[in-house]
Amino acid sequence: MPRTRSLLVALLGSFVLASGLAASPAPSARSRIDRDLMEVTIPKLHALYATHVYSVTQVVRWHLARIHRYNGIYRPIETLFEKQALEAAAREDSEAARGTAVRGALWGVPVVIKANTSMVGEVTTDGWAGYTTKGHELLAPRDATIVAKLRAAGAILIAHTNMPDFADSDTNRSSSFGRTGNAYDVRFSPGGSSGGTVTAITANMAILGSGTDTGNSIRMPAATSAVVGVFPTRGLVSTAGIAPLDWLLDNTGPIARTVTDAAIGLAVMAGPDPLDARTADASGRLEPDGYVHHLKAGALKGKRFGVPAFLLHGAGIPFQGIPAVVPDAIAAERAADIETAIPLEPATRAAFMRALEELRAAGATVVFDESIMPEAFARTAMRVSTFPYVREGTDNFLKLFGPTPYRSIEEYAQAAPDAPPPSPVTGELESGAVFGDIKIKQRILEEDPEAEANYYGPRRRTLEAYLEPLDRLHLDGYVYPAIQMPPVDETMPQYGKLTGGPHSATDWANMIGVPAVVVVGPFYPGGLPFGLEFSARPWQDGALLGYAYAYEQATHHRHPPLLVEQGLLPNTP
């Protein structure tokens, strides 16, 4: 049987099993709690707690029941922390009953965490089967910084979400757990690498989730799944304790169903951290009142947004850039490669144009100009080379967040010779290390005499090229499609092979560390989501959330997916 046909048969077979996954409560009680908790926001949940409609335990059990009912089909949840979640919920209920509860911003809120993010005492699978090998598990000795912050705010952490191996894919298939399907149609991809988190959030298995983003991995999955994904200014939120794919590009932020919930989550996550030197500037940039005060329905009125020209033309930026030693001719060939150059598909262009009309109706001006981030911008950005420093990031992560027997790649490889960490995180991946006869060796950024030519100089010039149109044309930010195509059908070949997409052209945001946010746009005619992305100047995260909120309130595009008991969507694009 062909592989794609067998995949479809397996998926359809899983639908048949769905009805037996969870027992149902009494119809009247079920209908009320379903009505109250389906699509519930953090402010609404806290209002329900304040009026004693539900306990934290009831809310957590409701979300756990949805996981039990649907995870066998969509598979967004890799590791369920049911016992720990119920214990934490009971503890918060007990404190509330005694009047001693400290109700933080996320008190009683069910939250899921991406599987590359350390949780003390749990295996950080990072999507890779090797980290789950018996006797060699990557068992976290401490919480990642954002996990500690979420716990301190009262969140109930219920699961680790599935992700592709090392976050190194635009779809969501892992060797440690398997495939996650799109909640709007399980045949389609939810994108990667935060596809598990977006699927859990959009399917109402949790209220808030964490994502990570090395090249598009919060924003692109958010776009496939009708949720809000926030890519903060790099340095606003610590990445300490998150297994890196590329520490110079990695970022982390909240994923939620509404901009308000995302803003609440970002305020909890943000702040300086001695374990992440890049957050040193955050102390002077934090907003003491959080970000919700930026959320005004009229925030788009009078604002001006430019459309990046190179995105519309499909010019490519190779992931992790190209080192200075590589000649321009070879660099241009790599950038023109079919895997790098990603044309904007007609269906996505049409959805984008509809979204722009909605922006204009909300009072914004949209500027098209070939001088706004032209193809020359892409050529500048592709020289921001981070690949030579990949191994340093993995070693630094293992030093603080690896188990005692192995605190470096070398120690891990010695302890598990049959399954050493592979090339994406050791700096040996041929696509980044080999350019004809030129071989790129790993080195330490802080000690590398070529660091200015490879990384600092090109990054500075790319940021200047990003800011120049904002200044010249008096723009408040940029607006563009979060991905270059609709979510792809994974039950059939795309371009002659099983797809690794969908794909975006937005990894320049990682290269220069500017903030971006994806909000739910108009759905495609076949019923799959489209995501609209905004970006702005560094440290304008609050204003950016305000633009996203105003668009959200003007359009109200989001609707929850009809899960498989309702049947598959017809005529998907």
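Reader: Which residues in helix 20 do Val259, Thr260, Ala263 and Leu266 in helix 9 meet?
Author: This is a predicted model, where local features need pLDDT of at least 70, side-chain atom pairs count only at pLDDT 80 or more, and totals for chains, interfaces and linings use all residues. Residues are numbered from 1 along each chain as its sequence is written, and side-chain values use heavy atoms, with hydrogens and water left out. Helices (H or I, at least four residues) and strands (E, at least two) are DSSP runs numbered from the N terminus, and contact means heavy atoms within 4.5 Å. On that basis, the helix 9 residues meet, in helix 20, Asp541, Leu545, Ala548, Tyr549 and Glu552.

Reader: How many nonpolar, polar and charged residues are there in the contact of helix 9 with helix 20?
Author: The classes put Ala, Val, Leu, Ile, Met, Phe, Trp, Tyr, Cys and Pro as nonpolar, Asp, Glu, Lys and Arg as charged, and the others, Gly among them, as polar. Sorted that way, the contact has six nonpolar, one polar and two charged residues.

Reader: Is helix 9 roughly parallel or roughly antiparallel to helix 20?
Author: Let's take the axes as lines fitted to C-alpha atoms, for helices over the stretch in contact, with angles from 0 to 180 degrees between N-to-C directions. Angles under 35 degrees count as roughly parallel, over 145 as roughly antiparallel, 65 to 115 as roughly perpendicular and the rest as oblique. Helix 9 (residues 259-269) and helix 20 (residues 541-555) have axes 9 Å apart and pack at about 160°. That angle therefore makes the pair roughly antiparallel.

Reader: Which residues of helix 6 are buried?
Author: Buried means under 20% relative accessible area, exposed over 50%, and partly exposed in between (1.4 Å probe, protein chains only). The cover over this side of helix 6 includes strand 2, strand 3, strand 6, strand 8 and helix 9. In helix 6 (residues 145-152), the buried residues are Thr145, Ile146, Val147 and Leu150.

Reader: What is the phi of Gly154, which follows helix 6?
Author: Gly154 is also one of the residues that Leu106 touches. Its phi is positive, near 95°.

Reader: Which helix gives the largest share of the largest nonpolar core?
Author: A nonpolar core is a set of buried Ala, Val, Leu, Ile, Met, Phe, Trp, Tyr and Cys residues joined through side-chain atoms within 4.5 Å. The largest one has 113 residues, and those with the most contacts inside it are Leu106, Ile158, Leu359, Leu532 and Phe534. Nine of its residues, the largest share, come from helix 4.

Reader: How many residues does the second, separate core have?
Author: Among its members are Val326, Ala378, Tyr480 and Met511. The count for this second core is 42 residues.

Reader: Which residue does a cis peptide bond join to Gly192?
Author: Omega for this bond is about 10°. The partner lies in the loop between strand 5 (178-179) and helix 7 (195-202). It is buried, with a relative accessible area of 1%. The residue is Ser193.

Reader: What is the omega of the cis peptide bond that joins Gly501 and Pro502?
Author: Pro502 is found in the loop between strand 13 (477-481) and helix 19 (508-512). For the Gly501 to Pro502 bond, omega is about 15°.

Reader: Is Ala167 buried or exposed?
Author: Ala167 lies in the loop between strand 3 and strand 4 (173-174) and is among the residues Ser193 touches. Its phi is positive, about 65°, although it is not a glycine. Since its relative accessibility is 6%, Ala167 counts as buried.

Reader: What is the relative accessibility of Arg75?
Author: Arg75 sits in the loop between helix 4 and strand 1 (77-80), with a positive phi near 55° in a residue other than glycine. It counts as partly exposed because its relative accessibility is 28%.

Reader: How far apart in space are Ala451 and Pro388, C-alpha to C-alpha?
Author: Ala451 is found in helix 18 (residues 451-472) and is buried, with a relative accessible area of 4%. Beyond its neighbours within four places in sequence, Ala451 is in contact with Tyr389, Leu445 and Tyr456. Ala451 and Pro388 are 63 residues apart in sequence, while their separation in space is 9.3 Å.
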